[in-house]
Amino acid sequence: MHENLHVIDHPLVQHKLSLMRKKSTSTHNFRTLIREVGTLLAYEVTKDLPLIYQEIETPLMKMDAPFLEGKKLCLVSILRAGNGLLDGFMDLVPSARVGHIGLYRDPETLVAVEYYMKLPDLINQRLVLALDPMLATGHSSAAAVTRLKENGAENIRFVSLLSAPEGIEYFSKAHPDVPIYTAAVDEKLNEHAYILPGLGDAGDRIFGTK
Ligand code: URA
């Protein structure tokens, strides 16, 4: 077990994930479930955020009350399946700033090529939560995190729903400083780099394509 790997085994997360894995689960239900799981993951991933104390007045008296320290969080959706998790994260952290990164795999070179990127300002001062439901080979996730670092991000956490051991290995070698939060570590990848047993193509299942 990697020291940087956090498996979120909360029973509600596990139950919802099992429903998502079922091939009979409809697009509508899948989308609802990934949003709900996103919220639960967001709760777990943010549970050690630093607080500062500021004086407020309740209707009865003054007190030093805890507030989140520092700049607003930055959520980054790794397109397109990251958008499924993003909804649940935004439900819980509505004032977060949001970035998007789109990458595709060049079929000849197999190198991840960026086709879209838009990030909020002052990313170096924010905790950045990079969202991609499937950590499969880890190549595109690692490439996305490299781009975040090149753009100044210093404090990054990577969040996935399902991970393959191969992806965890690859990603944590490329970014030993970036903790991985995931709801489950599955068995392996198949020859097409799908996670087994997995849940299929996350993007297709969220958006009803295919
Ligand atoms: N991406 C997916 O959507 N599913 C997998 O199983 C692997 C990568």
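Two strands are taken to pair if DSSP finds at least two bridges between them. In this predicted model, that criterion is met by β8 and strand β10 (residues 162-163), which pair in the parallel sense over two bridges. Within this pairing, Leu135 has Ser163 of β10 as its bridge partner.

The pair belongs to a wider arrangement. Three strands make up an open sheet in the order β8-β10-β12, and their pairing is parallel. The edges of this sheet are occupied by β8 (134-135) and β12 (184-185); each has a single partner strand, so one side of each is left without a neighbour in the sheet. As a general matter, strands of a sheet pair through backbone hydrogen bonds, in either a parallel or an antiparallel sense.

The antiparallel sense is found elsewhere in the chain. Strand β2 (residues 51-57) runs antiparallel to strand β3 (residues 62-68), and seven bridges join the two. One of the residues involved is Gln54, whose bridge partner in β3 is Ala65. Together β2 and β3 form a hairpin, with four residues between the strands.

Attention may now turn to the ligand, which sits in the largest pocket. Its surroundings consist of Met134, Ala136, Ala193, Tyr194, Ile195, Gly200, Asp201 and Ala202. Classified by residue type, this shell comprises six nonpolar residues, one polar residue and one charged residue. Met134 thus appears in the shell, and residue 134 also falls within the edge strand β8 (134-135).

Which backbone atoms approach the polar atoms of the ligand? A backbone N or O atom of Ile195 lies 2.7 Å from an oxygen atom of the ligand. A polar backbone atom of Gly200 is 2.8 Å from a nitrogen atom of the ligand. For Ala202, a polar backbone atom is found 2.7 Å from an oxygen atom of the ligand. Taken alone, the ligand exposes 240 Å², of which the protein buries 83%.

The segment that contributes these contacts also holds an unusual peptide geometry to examine. The bond from Leu196 to Pro197 is cis, with omega near -5 degrees. Pro197 is placed in the loop between β14 (195-196) and α6 (202-207). Ile195 and Ala202, both part of the ligand's shell, carry the numbers at which β14 (195-196) and α6 (202-207) begin.

Two further backbone features lie in other loops. The peptide bond from Leu79 to Arg80 is cis, with omega near -5 degrees, and Arg80 is found in the loop between β4 (74-78) and α3 (82-92). Leu122, although not a glycine, has a positive phi of about 50 degrees. Leu122 is located in the loop that runs between β6 (112-118) and β7 (127-131).

Methods. Residues are numbered from 1 along each chain as its sequence is written. This is a predicted model: local features need pLDDT of at least 70, side-chain atom pairs count only at pLDDT 80 or more; totals for chains, interfaces and linings use all residues. Side-chain values use heavy atoms; hydrogens and water are left out. A residue is near a molecule or strand if one of its heavy atoms lies within 4 Å of it. A polar contact is a pair of N or O atoms within 3.5 Å; within protein, one must be able to donate a hydrogen and the other to accept it, and residues adjacent in sequence count only if both atoms are side-chain atoms. Accessible areas come from the Shrake-Rupley method with a 1.4 Å probe; for residues, only the protein chains shown count as cover. On a 1 Å grid over the protein atoms alone, a cavity is a set of points where a 1.4 Å probe fits but cannot get out, and a pocket is an open set with protein on both sides within 12 Å along at least five of seven lines; lining residues have an atom within 4 Å of a point. A molecule sits in a cavity or pocket if more than half of its atoms lie within 2 Å of its grid points. Ala, Val, Leu, Ile, Met, Phe, Trp, Tyr, Cys and Pro count as nonpolar, Asp, Glu, Lys and Arg as charged, and the others, Gly among them, as polar.
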